[in-house]
Every structure is written in C-alpha cells, then in structure tokens.
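Work through the exercises below with the structure open beside you, and try each task before reading its solution.

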Amino acid sequence: MTVARGSNRRRAALGLAALVLLGGCARGVPAQRVASEGSDLGAVTDGPPFAETPWPPAVPQPAINEPTTTSAPQLPTTTSSSGPAPGATTSTSQPKAADPCAGPTVTDFPLSAAGGRPSELAVAADGAVWFTDPGTGAVGRLAPDGSTRMFPVSAGRQAASIAVGPTGDIWFTMYAFSSPRSAPDAPPPPPPGPPAIGRISVADGTVAEFPLPPSSVNPADPFFESMPRGIVAGPDGAMWFTETNAGRIGRITADGTITEYPLSDRHVSPDGIILGADGALWFHETSAGRIGRIDPATKAITETPIQRPNAGSAMEWGGAGPLVRGPDEGLWFGDWTRAVFRVTADGRLTRFSVAPPADGIRSIVAGPDGQLWFADQRTPALFRMTTAGVVSRLWTPPGAPKAWESFGGMAADGGSVWVAQPWANKITRLTCPGIDAASSARDVRANV
C-alpha cells in the first residue's frame, strides 16, 4: 500500500547521541566516487512470523568488480614481536562456582595513534579487531599480536559504524559529525565531503570511498545530511546500512553501486541494522517507536509499531539505542536509561529493569556464553544479563572518568567480548575461562 510521509516528527535523537559518543576530526586521502542508482519506495507489507532458522544463513560469495581505489597513506604502525602490544595489561578474578564468566580475564590494549578515540568495533575471521576512530579520522586494525595499523578517511569526515563484509573486506559508514576549530579565533574549516560508505581491502589495505547520492535532508548544514550509521552484511552478498537522518535504508554492492529505500517518514531515525534469523534485515526506528524489516530479495519494507505495555513512550528517554540480535535470536535494544528491551517481530515488547545500579545502557552484544553483555555509560561498568532478565555486574574499568565518557561500541567472537574505551584510547578484551570459539554454540561475531 502507499505510505504516507510525515513532516513534523522530531529529528533523530540518535544524531545527538552520536555527537556525544563520537568526537574528533578527520583527515586523509581524496574521495573516490562511483555511479549510484536511484531508488523506489519499498512497499509496506504485513510481516511474516519471526522464523527460527539455522544460523548463520548461507551467504553467497560474489565475484568482486573492483572500482578504482587509492592506497591510503598509513598512520604509524605499532608492532610487537609476540603477545599483547607494549603496555597491555591483563587481570583476572576468581569466578563464582559454576559460572565461567563471572570472573573474566580482562586485557587492555592501548592504541598507538595520538588523540585516538576508538568507537565502534567488528571482529574479523582472523581474530583482528577493526575499529572506527573519530579522534584521528581513521579506521584501525588491532591484530591478534597487539599491533595496530590505521587507515585514514578523507574530506573532513569521521568513520562511524563498521562491519566485516561477506568476502572478508571491512566496510564502514562515514560522515562529518564534528569539525572543531584549531583555535577559538581560527576560521571555520572547509566544508566536509558528503556522507559515504568506505571499504578497506584486507588483501592489500587499499581504501575505497563511495559517496552517497545528494541529499535534501538539510542542504544548509552538511554535518546533518543522511548520517549513515549501522551497517551489516546481507544474505545477498551486499552490505546494508541505515541513513538515520534521512529515514532511508541503503544497499551497496561490491562494485560500489548504491540503492536507497525510503521509509514511511524521513524522521523515524533508523539505526542498528542486523541480519535476522529469517534472512531479512531488521532495524530500529528509534524516533517512531517502531521496528522495521526489509526483504533483501523483494525489497518490501514492513514497519511495525512497538506495542507499549503502558500509555506513553516505550522508551524512558528519547535516546533509544540500535537494534541488536540476542543469543536467543530475538531483537534487543537499550534506551540509555535503566532498562533493556526485547521486541518480537510483531511488536510485542518486554522490559527488563537492570537498576540499580545500571543507568545508561546503549551498547549490547550477544556474548560467547549465550547471554547478553552490555555497557552502562553512567556507572560505568560492564554487565551481563540472561534472556530471562537476571543481571550480574562483571567489571568496572579502573580510573574511568565521569559518566557518558567511558565506553564505545562492543563486539564478540566465539570466546571473547570486546569493548572500546574512547576516554583511555584503548580496546579491552574480556575472556571467559573455559569458553572459546570451539566450545561456543555458534560464532557471535558482530558489531554494535
């Protein structure tokens, strides 16, 4: 059916959240451009039941038609002969009886680039952790031996979300979300480049950047254009992403062809796109209180209102977080306050209160132990919660600063949970004794 467009909804609360979490300036290489397609409005249909299908879905491995790329100048590479990078520290605590993750081994990996603020994370098949770093305007790779390598992005933008593609290359979104002056009386910097999708070849380290089509979201303010955020590999061999400020879902192929699919309202603030157990792409319309689904084969879009248990908003604050896929294959999100929510495909909502002591939840990931791990920004600390809502406090970073400055994104592999600490310019790994990739039920490698 035809979708009515709204014009008076409030702007994306997530835009403000991104500004709070991700600060810094960018520098790098000239932008690369490729042709992009137009798009048609996806049809809105009644969604099918949330099918419980085997994980992971089969992912085609397409041949890549490489666009023209450039070799990005690299920031200094820090190497170590073996083990963690110099300065890495490891600590352990005694686990509780019959709970192998109650006392995780914690290893900190300091990063080498001055001014770094690691943000979002993704774990590659070789064990390397890739991260976006708005503090240096770059994407970084933390190798299993603790060495780091940085890949700058161009045109005054910062990298935001990041994911591993179906062929192993690294894909990320980028846009300008801050542009500080060099001094209070300095002239403003030149306008940034347009929002774009980037790709780093794991074969040779070349960086390709694919600008999004021109947007009419806010022509007078390039810092608030389409704002591409979450990104994930689809079952069709393409990468899918959200455009938070434009109310669109984007798809980019291996050769850089971009197609956009508008949602019913430009102001719904889609975020946190994930591959569901049914093979479709799911996302959270954070400003509209809805979940969305796009079929990668038909491109049909379903937008389902979240059924609020009480009058008023399902979220306790206007900053509901991105959608993540839980260990039970359910759809989960935090809302920056004292609760974690699980929502079903038909919009039914379950609220899990985790206070006290947590009071600022956004980053959530499915851990290797079959439970939810999340970062609380206010405390700050890392917590773990069963899918039934039982919460335990795992770890508090020593020397953490005031609230809202401690944690960035989280990621997980078969045996560890990783979390970024922007305030300390480091990435931390938490490993559960007795749980590794071989013993884990499935590989939960993902980004938030």
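Strands are DSSP runs of E of at least two residues, numbered from the N terminus. The model used in these exercises is predicted.

**Exercise 1.** Find out how far the predicted coordinates can be read in detail, starting from the pLDDT of the chain.

*Solution.* Begin with the chain as a whole, which averages a pLDDT of 74, with 65% of the residues scoring at least 70. Next look at residues 1–86, where the pLDDT is below 50, although this stretch has 225 contacts in the model beyond near neighbours in sequence. Then turn to residues 437–448, where pLDDT also stays under 50 and the model has 42 contacts beyond four places in sequence. The last step is a general caution: where pLDDT is low, the predicted coordinates should not be read in detail.

**Exercise 2.** Locate Asp169, decide whether Asp169 is buried or exposed, and describe what its side chain meets.

*Solution.* First, place Asp169 in the loop between β7 (158–164) and β8 (170–175). Second, take its relative accessible area, which is 6%; because buried means under 20%, Asp169 is buried. Third, compare sequence with space: Asp169 and Ser201 are 32 residues apart along the chain, yet their C-alpha atoms are 5.1 Å apart. Finally, examine the side chain of Asp169, which has a polar atom 3.1 Å from the backbone nitrogen of Val202.

**Exercise 3.** Describe the phi values of Ser269 and Glu329, and then state where each residue lies.

*Solution.* Start from the general expectation that most residues other than glycine have a negative phi. Ser269, which is not a glycine, has a positive phi of about 60 degrees, and Glu329 likewise has a positive phi, near 70 degrees. Now find their places: Ser269 lies in the loop between β14 (258–262) and β15 (270–275), while Glu329 lies in the loop between β19 (324–325) and β20 (331–334). Last, consider accessibility, for Ser269 is buried with a relative accessible area of 0%, and Glu329 is buried with 12%.

**Exercise 4.** Build up a picture of the surroundings of Gln421.

*Solution.* Note first that Gln421 belongs to strand β28 (residues 416–421), and that, at 1% relative accessibility, Gln421 counts as buried. Then follow its side chain, which is joined to the side chain of Trp423 by a polar contact of 3.1 Å. To finish, look past residues up to four places away in sequence, where the residues that Gln421 touches include Asp108, Pro118, Trp395 and Phe407.

Note on methods:
Residues numbered from 1 in each chain as written. Predicted model: local features only at pLDDT ≥ 70, side-chain atom pairs only at ≥ 80, totals over all residues. Heavy atoms only, no water. Helix = DSSP H or I, 4+ residues; strand = E, 2+ residues; numbered from the N terminus. Buried < 20%, exposed > 50% of the residue type's maximum accessible area, 1.4 Å probe, protein only. Polar contact = N/O pair within 3.5 Å; in protein donor to acceptor, adjacent residues only side chain to side chain. Contact = heavy atoms within 4.5 Å. pLDDT = per-residue confidence, 0-100.
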